[in-house]
Amino acid sequence: MRDSKVIAERLLEWYDRHGRVLPWRVPPGGGAADPYRVWLSEIMLQQTTVAAVKSYFERFTGLWPTVDDLAAAEDAHVMAEWAGLGYYARARNLLACARIVSKAGGFPRTREALQALPGIGPYTSAAIAAIAYDQPETVVDGNVERVVARLHAVETPLPAAKPELVALAQKLTPQARPGDYAQAMMDLGATICAPRNPACGICPLIDECDAHRLGIAATLPRKAPKTAKPNRSGIVWVARQGDGLLLEERPAKGLLGGMLAFPSAGWDGRDLPPPGQADWREIGEVRHVFTHFNLSLQVMLGELTGPAQRGHLVPLRQIDRDGLPGLMRKVWDVAHAEIVA
DNA sequence: CAACCGTGGGG
DNA sequence: TCCCCAAGGTT
């Protein structure tokens, strides 16, 4: 019990001096955090690096300063702005959540009610409750798992170790400054207690760390071995007609769900024919790595000789590369180079 | 509960 | 080049 108090105190003291300055973070003494900005940043940060999120967060808050603004936005606009960030279910859930919250007149304040909203799970609900509402909820993300596993030298591999790590993290959570404490744990994990080369020499918790004492800090947390990624392949068609290219909206669920894309087949469980009649010729190949498989796509280019079977034509100058998911940006780059040439 | 779901950067 | 992984959630 006294141990946890020392840890929280040292961590907060370190955070006050070395905490990161981030666009969604209220500096010490800057007043209460805006729940909308906390929520938005937490959704964007799910499995995504701080560096990647920054520009997206600035753009979203510029376009939609409040949850009511976001709730009123058009689906396609939000999806296009999210393009490139990945995990597109987050964007769909983001809009669904914004509309529920806007209609309700604001975000709920309890962790339980927050977690009932789409896209908000155990981590995010605790983070919002702690950071925006100053409630002593225990926030457990990948950083906290690592810090706690090291502090207590937990050698059980993840994900089996998760319940144990959550229980240990709960015992460490202080009643005072829960939001700062949560962010301090994550900052420590991101900057000092790093996955590969932990900077134990400058860690404020070095005296409390069992793993460091045992000389095994860098090896924790242990993780179950991963299975190899299979290779998949398929075809993507860039269909021209007049000065336009054929684009389609992907099915709402599944890979790149709800995103704008060139018609494709053979790699995502759909085995569709070409989107129209044309003298197709291969102009290149695109490789892409998804979470659970590697992909190689043959890029076909052709001038439609009849009506398009699916999708809609978009004038070349009107196609927004930034509004496409990463995979389709690669396809666009190959096709655009060929068309311009 | 294990599989599914993106992308870019770093060692 | 390859592997790891980053403020996870949903089904």
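The surface near DNA strand B in this predicted model is made up of nine nonpolar, nine polar and one charged residue. In total, 19 residues surround DNA strand B, and Leu256, His288, Thr291, His292 and Gly326 of chain A are the closest. Of the strand atoms that come within 4 Å of the protein, 56% belong to sugar and phosphate.

Several contacts to the phosphates of DNA strand B can be picked out one by one. Histidine 288 places a polar side-chain atom 2.5 Å from a phosphate oxygen of the strand, and for histidine 292 a polar side-chain atom likewise lies 2.5 Å from a phosphate oxygen. Glycine 326 takes part through its backbone, with an N or O atom 2.5 Å from a phosphate oxygen of DNA strand B. Two elements, β5 (281–289) and α13 (326–340), each give two or more residues to this surface.

Turning to the other strand, 26 residues lie around DNA strand C, and Glu42, Gly119, Asp141, Asn143 and Pro195 come nearest. Here sugar and phosphate account for 64% of the strand atoms found within 4 Å of the protein. The residues of the surface near DNA strand C comprise 11 nonpolar, eight polar and seven charged.

The contacts to DNA strand C include one to a base: an N or O atom in the side chain of arginine 25 is 3.5 Å from a base nitrogen. Backbone atoms also meet the phosphates of this strand. A polar backbone atom of proline 122 is 3.4 Å from a phosphate oxygen, while a backbone N or O atom of glycine 142 lies 3.3 Å from a phosphate oxygen. The elements contributing two or more residues to the surface near DNA strand C are α2, α8 (122–133) and α9.

It is also worth looking at how the protein chain is divided. The domain assignment splits chain A into domain 1 (2–219) and domain 2 (231–340), whose C-alpha centres lie 36 Å apart. Eight residues of domain 1 and 14 residues of domain 2 take part in the contact between them. About 680 Å² is buried between the two domains, with carbon and sulfur atoms giving 55% of this area. On the side of domain 1, Ala83, Tyr88 and Arg92 supply 58% of the area buried against domain 2, more than any other three residues.

The side of domain 1 that touches domain 2 consists of six nonpolar residues, one polar and one charged. No salt bridges are found across the interface of domain 1 and domain 2, but four residue pairs are in polar contact there.

A few features of the backbone round off the picture. The peptide bond joining leucine 158 and proline 159 is cis, with omega about 5 degrees; proline 159 sits in the loop between α9 (142–151) and α10 (162–172). A cis peptide bond also runs from leucine 220 to proline 221, where omega is near -5 degrees. Proline 221 belongs to the loop between α12 (210–214) and β1 (231–241). Finally, glutamine 47 has a positive phi of about 55 degrees although it is not a glycine, and this residue is located in the loop between α2 (35–45) and α3 (50–63).

Technical notes. Residues are numbered from 1 along each chain as its sequence is written. Chains are lettered from A and ligands numbered from 1 in the order in which they are written. This is a predicted model: local features need pLDDT of at least 70, side-chain atom pairs count only at pLDDT 80 or more; totals for chains, interfaces and linings use all residues. Side-chain values use heavy atoms; hydrogens and water are left out. A residue is near a molecule or strand if one of its heavy atoms lies within 4 Å of it. A polar contact is a pair of N or O atoms within 3.5 Å; within protein, one must be able to donate a hydrogen and the other to accept it, and residues adjacent in sequence count only if both atoms are side-chain atoms. Helices (H or I, at least four residues) and strands (E, at least two) are DSSP runs, numbered from the N terminus. Ala, Val, Leu, Ile, Met, Phe, Trp, Tyr, Cys and Pro count as nonpolar, Asp, Glu, Lys and Arg as charged, and the others, Gly among them, as polar. Domain bounds come from an automatic or database domain assignment. Contact means heavy atoms within 4.5 Å. Buried area is the accessible area (1.4 Å probe) that two parts lose on being put together, summed over both. A salt bridge is a side-chain nitrogen of Lys or Arg within 4 Å of a carboxyl oxygen of Asp or Glu.
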